[in-house]
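Hi,

Here is the structure I promised to pass on. Have a look at it first, and then read my notes below.

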Amino acid sequence: MEAAFTEKDSYARHFDPKDYLETYHSCPPETEGEKALIAFRVKTLHKAFHSGGLKGDTLIDIGSGPSIYQFLSACESFREIIATDYTDQNREEIQRWLRKEPGTFDWSPLVKYVCGLEGDREKWAQKEEKVRRTVKQVLKCDVTQPNPLAPLSLPPADCLLSILCLEAACKDLPTFRSALKNISSLLKPGGHLVLLTILEETFYMVGQRQFSCLYLDQKSVEEAVKEAGFDIERLEVAELNSPRSLHDGKEMCALVARKH
């Protein structure tokens with residue numbers, strides 16, 4: 001049975017960053033299967049930013065959650081990264097890590113893994129400092145609004161990154177299509193979108209609490225991206241082998257698209 005849609009105020013009240021990080025990021029990627037969720041994500045980002053040549057001045061990450069792993073490759077390719085999230089507690093979790101406060105989540109196993117992809121695991125401490133220097137702002141974001149960063153109005157970015165955000169924030173396919181157009185307004189013409197989306201998922205768990213996910217197939221994602229004014233340059237789909245008790249997603253779709 002499909003999960004009831006999780007409204008914004010429920011995220012604001014009930015989404016626990018620590019539970020989320022412990023559930024989905026506590027295992028080093030080496031201990032998981034080759035196509036596991038986090039390993040696939042960081043390899044995809046490594047390919048996009050390290051091997052794929054995406055670079056520029058500014059990258060905006062849409063729906064960062066409480067995470068920083070998505071910046072580990074991007075910080076080498078962009079002068080400035082802007083993290084965004086709807087909930088205060090997720091933005092504060094990122095800020096606490098940036099400030100090196102005690103008791104924050106230990107990202108070092110994942111940082112070492114990404115440094116290994118880049119050729120030198122031992123540079124993980126320098127990598128963490130590079131991320132801290134590169135993430136310049138942590139802003140509130142609502143993808144259902146025409147300007148997701150309102151009331152702020154930022155210069156258009158060179159790249160947008162969004163991972164597992166829109167399918168959680170959107171109650172139906174028209175809202176998903178609209179959200180893609182909304183975030184597209186933050187990007188320069190000729191800029192790139194890096195989008196990672198779970199396919200055929202209806203829920204995911206954070207601690208003991210269930211959150212909804214919009215059921216999407218690959219065709220719906222591709223059509224929505226094109227309708228929002230993008231040409232898809234690369235697309236990859238991987239099977240998921242995470243425990244079904246955590247979520248019911250079947251695949252992950254990763255794409256790179258260029259704005260007209």
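**What α6 packs against**

The buried residues of helix α6 pack against β2, α4, α5 (108–118) and β3 (135–140). Bear in mind throughout that this is a predicted model. Helix α6 itself covers residues 124–134, and its buried residues are K127, E128, V131, R132 and T134. One of these, R132, also has a ring to sit on: its charged end lies over the ring of W97, 3.8 Å from the centre. There is a second case of a charge over a ring, with K112 over the face of W124 at 4.9 Å from the ring centre.

**Two buried spots to click on**

Try L72, which is placed in the loop between β1 (56–62) and β2. With a relative accessible area of 1%, L72 is buried. Not counting residues up to four places away in sequence, L72 touches L110, V111, V114, E118, K127 and V131, and K127 and V131 are among the buried residues of α6. If you want a distance across the model, the C-alpha atoms of L72 and E22 are 19 Å apart, with their positions 50 residues apart along the chain.

Then there is H46, in helix α3. H46 has a relative accessible area of 10%, so it counts as buried as well, the cut-off being under 20%. Leaving aside neighbours within four places in sequence, H46 is in contact with S51, S73, L117 and E118. E118 therefore turns up in the contact lists of both L72 and H46.

**How α2 meets α4**

Helix α2 (residues 17–25) and helix α4 (residues 88–98) have axes that come within 9 Å and cross at roughly 70 degrees. That angle falls in the 65 to 115 degree range, so α2 is roughly perpendicular to α4. On the α2 side the contact is made by P17, K18 and L21, and on the α4 side by Q89, N90, E93 and R96. Sorted by class, that gives two nonpolar, two polar and three charged residues.

E93 deserves a look of its own. This residue of helix α4 counts as buried, at 6% relative accessibility. Setting aside neighbours within four places in sequence, E93 is in contact with P17, K18 and L21, and also with P66 and F105.

**Aromatic pairs**

How many aromatic pairs does the count come to? The count is nine. Take F49 and F78: their ring centres are 5.8 Å apart and their planes are at 85 degrees, so this pair is edge-to-face. F49 belongs to helix α3 (residues 37–51) and F78 to strand β2 (residues 78–85), so the pair ties together parts that are 29 residues apart in sequence. F49 and F78 are both buried.

Y204 and F211, on the other hand, make a stacked pair, at 5.7 Å centre to centre and 25 degrees between the planes. Y204 counts as buried at 12% relative accessibility, and F211 does too, at 1%. These two also belong to an aromatic cluster, together with Y11, F15, Y20 and Y24.

That's what I have for now. Shout if anything is unclear.

Cheers

How values were computed. Residues numbered from 1 in each chain as written. Predicted model: local features only at pLDDT ≥ 70, side-chain atom pairs only at ≥ 80, totals over all residues. Heavy atoms only, no water. Axes fitted to C-alpha atoms, helices over the stretch in contact; angles between N-to-C directions. Helix = DSSP H or I, 4+ residues; strand = E, 2+ residues; numbered from the N terminus. Parallel < 35°, antiparallel > 145°, perpendicular 65-115°, else oblique. Contact = heavy atoms within 4.5 Å. Nonpolar A, V, L, I, M, F, W, Y, C, P; charged D, E, K, R; others polar. Phe/Tyr/Trp six-rings, centres within 6.5 Å; stacked < 30°, edge-to-face > 60°. Buried < 20%, exposed > 50% of the residue type's maximum accessible area, 1.4 Å probe, protein only. Lys NZ or Arg CZ within 6 Å of the ring centre and 35° of its normal.
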